[in-house]
Amino acid sequence: MGSPALPESPLLELRKVSRVFGEGPALVKALEEVDLSVAPSEFVAITGASGSGKSTAVSILGCLDVPTSGEYLIEGHPVQTLHGDVLAALRNAKFGFIFQSYNLLPRTSALDNVALPLIYAGVDLAERQARAASALEAVGLAGREDARPNQLSGGQQQRVAIARALVNEPEVILADEPTGNLDSKTSDEIMQLISSLNERRGITVIMVTHDPKCAAWAKRRVVFRDGHIASDTKGAA
Amino acid sequence: MNPRATISLALAALLRNRMRSALTMLGVVIGVAAVLMMESLGKGATAYIEATIAGMGSNILMVVPGSAHGRTGGPSSSGAPLFGPADLEALRRGARDVGLVSPVSQRPLRTVAGGLNRSTPVSGVSPDFLLIRGWSVVQGRTLSADDERQAAQVCVVGHTIETALFSGSTALGKELRIHDVSCRVVGVLESKGASAFGMDQDDVIFMPFSTFSRRITGTDRIGLMMAAARSADRIDDAKAQITNVLRQRRHVLAGEEDDFSVRDPREVQAVLGQVTGMLTTFLLGVAGISLLVGGIGIMNIMLVSVTERTREIGIRLAVGARSADILSQFLVEAVVLSALGGMVGIGLGLLASVGLARAIQVPFVVPGGAVPIAFGVSVLVGVVFGVFPARKAARLNPLAALRFE
């Protein structure tokens, strides 16, 4: 707080972050005083049993949710002080999301799905289409611009979602079980793609998974247990 | 997000649920169409009444016995004495601004010509009468002062009589038997068509008042006098002079109420205008309620739509939509829905007005001011009833919306 951000200060930092859902007897402590910092260009896998708080942590990191207590800092700036519109702008420009269930707009073409973040970035139509098309090409879906989600396989839908996450050139990609609905061969392909984004483009990737094979792609593995961080290891598995 | 993108997004969403959008619009369509029809028909009826009254002549006064505050003002209800020929003379001499004056004594009578007969309103009038009404003959001549003096057995007939009793051939010079009095047709009147109240104005026979009173009614008492002021701007003076002369002749004391009344068709027009105005207001109220119901329908469907599309909202929020973007998306959708309904309603309303105006034979009046107002109201309905669902959408928590099943 207050201290100027040093060059080596973390990109994202959770300080004693707790997140509580519900109240009274239904109260659930999803996160309890979690400290976590992520540096630029890291590839972090977050694992843990279901209910361990790993998805909640990623939601907070992506500004989709806010901590009940504690602080979340982005490049040294506390998120709590930011207006809702600023958070929307952060979600738009700084983060790209990849979900287990793809979360594409139904009855909407792949191109329009990918272009969605650019609408809210205020980009004009011609540039939106050009950038969305090149993002689709980057994920290997050139030629499928007009396909609707229901005309694509699971792996292809996830590629569209990855293209959507990439289109606004984010610094961080947050992936919540990106391969959870895919077979192992497709999983491998998707992990290859995500890993290449980290290695070739230097995009920070934070990925929630419970699949050890996926987690093995990451350079750092954080394990959650009952709302706490149980272990945090760097280096190849 | 720019307005054009927002509107095309709204149109796309509405087209995805064509049937539902059309049904949701229906309330606004009916409301707007009803508003336009009421406006158009109300104005058409008013225009028609005005034209009819103007057609009677703009400087006419009608004098009847009985106080103006009596129930009908008619002679039988008030007990006030009828007028006589001397009253008529007094008005001719004493009321300076009265240019023309005529007694009008009317009875429905059986009229026979050849083998045909019909019951027709027959009136005894002075030669002034047709001048007062501004009514001219298309064949022959009008009634003359000589006819009146000699109580000549002559008459002037309306167009309907010529058609009905003379099978369309000319009535001029032919004999009619009216209530067993033989009578020669000396003129045929120009056709006036139906009145504002649907009565055939051409089903009439006029004869000299002297002939009518002597041969048919047997009395020279007069239940109605019709007068014309010298010009339209003298009409109030003429009215005052008639009142003066008649008060003297009928010995009405100062401070006492007149036992007769002088009526001005403009008053009738004002009353009719009030009646049509009230009716129009009432029906506009009904149409307004229909718009309200239409608005509630839109709100209902928009609320359903927000719930159905919770995940979509979550996705949009996750990729950077501000809550204002979500608000405007749903608000614009509601407004586009009701504005489209308004446009369809305007089209239908105008079509229905043309049809109805033709059916009830009043002129079709384009409700000029009502079209933009109706459109404005339909947009307003969309805004008013769209705000609540749109706010509900805009306030969703991104994470909760994404996880909504």
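Let's start with chain B: among its contacts between residues at least 6 apart in sequence, 81% join residues at least 24 apart. In chain A, residues 24 or more positions apart account for 69% of the contacts with a separation of 6 or more. Keep in mind that this is a predicted model.

**The two chains**

Here is how the two chains line up on a few basic values.

| Chain | Helices and strands | Radius of gyration | Span along principal axes | Buried residues |
|---|---|---|---|---|
| A | seven helices, ten strands | 18 Å | roughly 50 × 40 × 40 Å | 45% of 237 |
| B | 14 helices, ten strands | 33 Å | about 105 × 55 × 35 Å | 42% of 405 |

Chain A, with its seven helices and ten strands, has a radius of gyration of 18 Å, close to the 18 Å that the globule rule gives for 237 residues, so chain A is as compact as a globular protein of that length. How does chain B fare against a compact globule of 405 residues? Such a globule would have a radius of gyration near 22 Å, whereas chain B comes out at 33 Å.

The domain assignment adds to the picture of chain B. Domain 1 is made of two stretches, 3-52 and 269-403, while domain 2 covers 97-230. Measure from centre to centre over the C-alpha atoms, and domain 1 and domain 2 of chain B are 56 Å apart.

**Where the chains meet**

Now for the contact between the chains. Chain A puts in 19 residues and chain B puts in 15. On chain A's side, the elements that give two or more residues are helix 2 (84-93) and helix 3 (110-120) of chain A. Which of them gives the largest share? That is helix 2 of chain A, with six residues. Sorted by class, chain A's side of the contact holds ten nonpolar, four polar and five charged residues.

**What's inside**

Next, the nonpolar cores. The largest one has 124 residues, and those with the most contacts inside it are A:Ile46, A:Val114, A:Leu136, A:Ala163 and A:Ile206. Those names are from chain A, but which element gives this core its largest share? It's helix 2 (residues 18-55) of chain B, with 14 residues.

A:Ile46 is a handy place to zoom in. Setting aside its neighbours within four places in sequence, A:Ile46 is in contact with A:Lys54, A:Ala57, A:Val58, A:Ile206, A:Met207, A:Val208, A:Val222 and A:Phe224. One of these partners, A:Ile206, is also on the list of residues with the most contacts inside the largest core.

Apart from the largest core there's another one, of 52 residues. Its members include B:Ile60, B:Ala95, B:Phe209 and B:Ile222.

**How sure is the predictor?**

For chain B, the average pLDDT is 87, and 95% of the residues score at least 70. Among the elements of chain B, helix 11 (residues 310-318) has the highest mean, 95, and helix 3 (residues 75-78) the lowest, 49. Where does pLDDT stay under 50 in chain B? That happens over residues 71-77, for which the model still has 16 contacts beyond four places in sequence. Where pLDDT is low, the predicted coordinates should not be read in detail.

As for the complex, the predictor gives an ipTM of 0.92 and a pTM of 0.73.

Terms used:
Residues numbered from 1 in each chain as written. Chains lettered and ligands numbered in written order. Predicted model: local features only at pLDDT ≥ 70, side-chain atom pairs only at ≥ 80, totals over all residues. Domains from an automatic or database assignment. Contact = placed C-beta atoms within 7 Å. Helix = DSSP H or I, 4+ residues; strand = E, 2+ residues; numbered from the N terminus. Nonpolar A, V, L, I, M, F, W, Y, C, P; charged D, E, K, R; others polar. Core = buried A, V, L, I, M, F, W, Y, C linked by C-beta atoms within 7 Å. Buried ≥ 20, exposed ≤ 12 C-beta atoms within 10 Å, placed from the backbone. Rg over C-alpha atoms; globule rule 2.2 N^0.38 Å. pLDDT = per-residue confidence, 0-100.
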